[in-house]
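Reader: I have a structure open and would enjoy talking it through with you. Could we take it step by step?

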Amino acid sequence: MTEFRSPVYNVIAVPLSKIRANAYNPNVVAPPEMKLLELSIWEDGYTSPCVCYYDAEHDTYELVDGYHRYLVMKTSERICEREHGMLPVVVIDKDISNRMASTIRHNRARGTHSIELMTNIVAELKQAGMSDAWIMKNIGMDRDELLRLKQISGLAALFADKDFSVPDNAFGTAPGRGLQNKKVFHE
């Protein structure tokens with residue numbers, strides 16, 4: 001068995017032109033915090049590498065974590081020049097569902113997320129076949145939070161793995177009268 005080695009021990013400098021953002025990051029940073037991040041990188045340098053997945057087919061690096069650090073280099077001429085257009089990166093090799101989960105773990109450890117984008121990620125993970133238990137474990141959600149995001153999305157498919165039935169005497173109605181077409185949600 002090979003001993004695990006954390007990616008941080010293998011930081012590489014990657015040209016900005018080979019980095020691309022992922023399509024699923026729900027993290028949002030307000031303009032004042034972006035200015036602060038640019039100042040922090042200017043004053044302290046890059047103190048934490050971006051996390052990427054290497055796409056060999058396209059010879060590009062897809063961001064998993066560090067989008068805003070990447071954006072600072074992309075938009076700050078002084079930082080890009082000082083860093084010679086090279087972004088510090090560590091590479092992880094995970095499938096798309098696990099990359100999404102990794103993005104969420106990185107972000108949630110630091111701050112808050114856009115509800116709309118979090119809802120989209122939950123929908124994508126459900127459509128990819130991930131169970132509620134997998135999502136809760138890998139993204140750090142509790143059952144109530146996951147349920148709220150599924151409810152917000154309004155997508156019936158997100159509830160596809162739940163048992164729906166009409167219990168006898170639901171809402172005090174006698175069996176066979178009045179609720180034949182009503183469904184009741186059971187956890």
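Author: Happy to; we go from the whole chain to a few residues, and please keep in mind that this is a predicted model.

Reader: In which order do the elements of the protein run from the N terminus on?
Author: The secondary structure comprises seven helices and seven strands. Read from the N terminus, their order is β-β-α-β-β-α-α-β-α-α-α-α-β-β.

Reader: What percentage of the contacts with a separation of 6 or more comes from residues 24 or more positions apart?
Author: Contact here means heavy atoms within 4.5 Å. Among the contacts with a separation of 6 or more, the share of residues 24 or more positions apart is 68%.

Reader: Is Thr 103 buried or exposed?
Author: Thr 103 sits in helix α4, which spans residues 96-108. The cut-off for buried is under 20% relative accessible area. Thr 103 has 0% relative accessibility, so the residue counts as buried.

Reader: Which residue has its backbone oxygen 2.5 Å from a polar atom of the Thr 103 side chain?
Author: Beyond its neighbours within four places in sequence, Thr 103 touches Asn 22, Tyr 24, Asn 25, Pro 26 and Val 64. The backbone oxygen at 2.5 Å from a polar atom of the Thr 103 side chain is that of Val 64.

Reader: And on the surface, how much accessible area do Val 8, Tyr 9 and Val 11 have together?
Author: Val 11 belongs to the segment before β1 (12-15), and at 42% relative accessibility this residue counts as partly exposed. With Val 8 and Tyr 9, Val 11 forms a nonpolar patch whose accessible area comes to about 300 Å².

Terms used. Residues numbered from 1 in each chain as written. Predicted model: local features only at pLDDT ≥ 70, side-chain atom pairs only at ≥ 80, totals over all residues. Heavy atoms only, no water. Helix = DSSP H or I, 4+ residues; strand = E, 2+ residues; numbered from the N terminus. Patch = residues over 30% accessible without salt bridge, like charges linked within 9 Å, V, L, I, M, F, W, Y side chains within 5 Å. Areas by Shrake-Rupley, 256 points an atom, 1.4 Å probe, with all protein chains shown as cover. Salt bridge = Lys/Arg side-chain N within 4 Å of Asp/Glu carboxyl O. Buried < 20%, exposed > 50% of the residue type's maximum accessible area, 1.4 Å probe, protein only. Polar contact = N/O pair within 3.5 Å; in protein donor to acceptor, adjacent residues only side chain to side chain.
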